[in-house]
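I am opening a fresh page for this one. Here is what I looked up, in the order I went.

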Amino acid sequence: MNSDGNILAWNHAAHKAYGWDESDALTMNIRDLIPEEVRDAETGKFREIALGKSQGPHASVRLDKSGKRIPVEFATTPLVDETGRIYAIATLERVV
């Protein structure tokens, strides 16, 4: 995702876990996958990462296409360009 939370890449495992195909997911924002009651806290963590602050792996919950809550563990990695600027955030999510 970019620093605004817009999803930039989506793979087959994400499609299988969450139900959206790549063409739909690439029109979405990460906020669309996060239940409202934890949305502010979760997006706050992504903002901190975009500012270069480290975040360790942690557990959370996501929403699938039907609105079902999916427990996940995820880790994030800032993607840095040749000038050292963070231009996106990669997440590795695992359904638990």
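How many bridges join strand 2 to strand 3? I am working from a predicted model here, and in it I found nine bridges between these two antiparallel strands. I picked out one pair as an example: Ala 75 has Leu 92 in strand 3 as its bridge partner.

Next I looked at the whole sheet. It is open, its three strands are ordered 1-2-3, and their pairing is antiparallel. Strand 1 and strand 3 are the edge strands with a single partner each, so each has one side without a neighbour in the sheet. On average, neighbouring strands are turned by 50 degrees against each other, ignoring direction.

Then I stepped back to the chain. I noted three helices and three strands, running α-α-α-β-β-β from the N terminus. The radius of gyration is 13 Å, close to the 12 Å from the globule rule for 96 residues, so the chain is as compact as a globular protein of that length. I also noted that 34% of the 96 residues count as buried.

My last stop was helix 3, residues 36-50. Its 15 residues reach 21 Å from first C-alpha to last, close to the 21 Å expected. Which residues of helix 3 are buried? I listed Glu 42, Thr 43, Gly 44, Phe 46 and Ile 49. Their cover includes strand 1 (58-63), strand 2 (69-80) and strand 3 (86-95), which brought me back to the strands I began with. Just after helix 3, I marked Gly 52 for its positive phi of about 95 degrees.

Methods. Residues numbered from 1 in each chain as written. Predicted model: local features only at pLDDT ≥ 70, side-chain atom pairs only at ≥ 80, totals over all residues. Heavy atoms only, no water. Helix = DSSP H or I, 4+ residues; strand = E, 2+ residues; numbered from the N terminus. Expected span 1.5 Å × (residues − 1). Buried < 20%, exposed > 50% of the residue type's maximum accessible area, 1.4 Å probe, protein only. Contact = heavy atoms within 4.5 Å. Pairing = 2+ DSSP bridges. Axes fitted to C-alpha atoms, helices over the stretch in contact; angles between N-to-C directions. Rg over C-alpha atoms; globule rule 2.2 N^0.38 Å.
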